[in-house]
Amino acid sequence: MGFEISGVELLIQQLDTRAKEADERAERAIKKGGQFIAELLRRNVPCHMGHLQQSIKAGPVKFSAGDGYHCIVRPVGNDPETGEPLAKIGNIVEYGHGDVPANPWMRNTLELYGDAAKDVIKQEYEREG
């Protein structure tokens, strides 16, 4: 007594296509969210920190089993005047150092706009195309 299943190949093909589409949408949404956060951080850098402001970038979208889709938003490069890494300068501005008081522009930006960033990601993911 045997049985036959037909259409399984088509089902697998459709599932593969939908999975690929979901991956592409997720990448696009995370990229848009990273760019949104980078722009907000650039706007909120203390005004006397032009090189730091210009250095804030959203990195490439990556995937890992632990983190899912993600991109890192951070200052990149070195200060052209001092040669110091701009990420280090951003950290000093954020947390303070010695006689330099903390000026938490990164934390404040993320606290104020974290939900808006999630909305940007969700809207981009749900957008057709």
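Let's start in the middle of things, with M49, which touches I89 and V93, leaving aside residues up to four places away in sequence. Keep in mind as you look around that this is a predicted model.

M49 and its two partners belong to something bigger: the largest nonpolar core, which has 12 residues. Along with M49, I89 and V93, you'll find I37, A38, L41, V45, L52, I56, L86, W105 and A117 in that core. Three elements give two or more residues to it, namely α1 (8-44), α3 (86-95) and α4.

Now take a closer look at α3. Which of its residues are buried? They are L86, I89, G90, V93 and E94. If you look down the axis of α3, these buried residues fall within an arc of 135 degrees, so they line one face of the helix. As for what they pack against, the buried residues of α3 meet α2 (50-55), β4 (73-75) and α4. Step just past the end of α3 and you come to G96, which takes a positive phi of about 80 degrees.

From there, hop over to α4, which covers residues 105-126. A good stop on this helix is T109. Is T109 buried or exposed? With a relative accessibility of 2%, T109 counts as buried, because the cut-off for that label is under 20%. Its side chain makes a polar contact of 3.1 Å with the side chain of N44. N44 also turns up among the residues T109 touches, together with L40, L41 and G114, again not counting residues up to four places away in sequence. You've met L41 already, as a member of the largest nonpolar core.

Next, on to the rings. How many aromatic pairs does the structure hold? There is one. The partners are F63 and Y69, whose ring centres are 4.9 Å apart; their planes are at 55 degrees, so the pair counts as tilted. As for accessibility, F63 is exposed, with a relative accessible area of 54%, while Y69 comes out as partly exposed at 22%.

One last ring is worth a visit, that of Y125. What sits over this ring? It's the charged end of R25, 5.1 Å from the ring's centre. With that, you've gone from M49 and its contacts with I89 and V93, through the buried face of α3 and T109 in α4, to the ring of Y125 under the charged end of R25.

Conventions
Residues are numbered from 1 along each chain as its sequence is written. This is a predicted model: local features need pLDDT of at least 70, side-chain atom pairs count only at pLDDT 80 or more; totals for chains, interfaces and linings use all residues. Side-chain values use heavy atoms; hydrogens and water are left out. Helices (H or I, at least four residues) and strands (E, at least two) are DSSP runs, numbered from the N terminus. Buried means under 20% relative accessible area, exposed over 50%, partly exposed in between (1.4 Å probe, protein chains only). A polar contact is a pair of N or O atoms within 3.5 Å; within protein, one must be able to donate a hydrogen and the other to accept it, and residues adjacent in sequence count only if both atoms are side-chain atoms. Contact means heavy atoms within 4.5 Å. A nonpolar core is a set of buried Ala, Val, Leu, Ile, Met, Phe, Trp, Tyr and Cys residues joined through side-chain atoms within 4.5 Å. Rings of Phe, Tyr and Trp (its six-membered ring) pair if their centres lie within 6.5 Å; planes under 30 degrees apart count as stacked, over 60 as edge-to-face and the rest as tilted. A charge sits over a ring if NZ of Lys or CZ of Arg is within 6 Å of the ring centre and within 35 degrees of the ring normal. The arc is that of the directions from the helix axis to the C-beta atoms.
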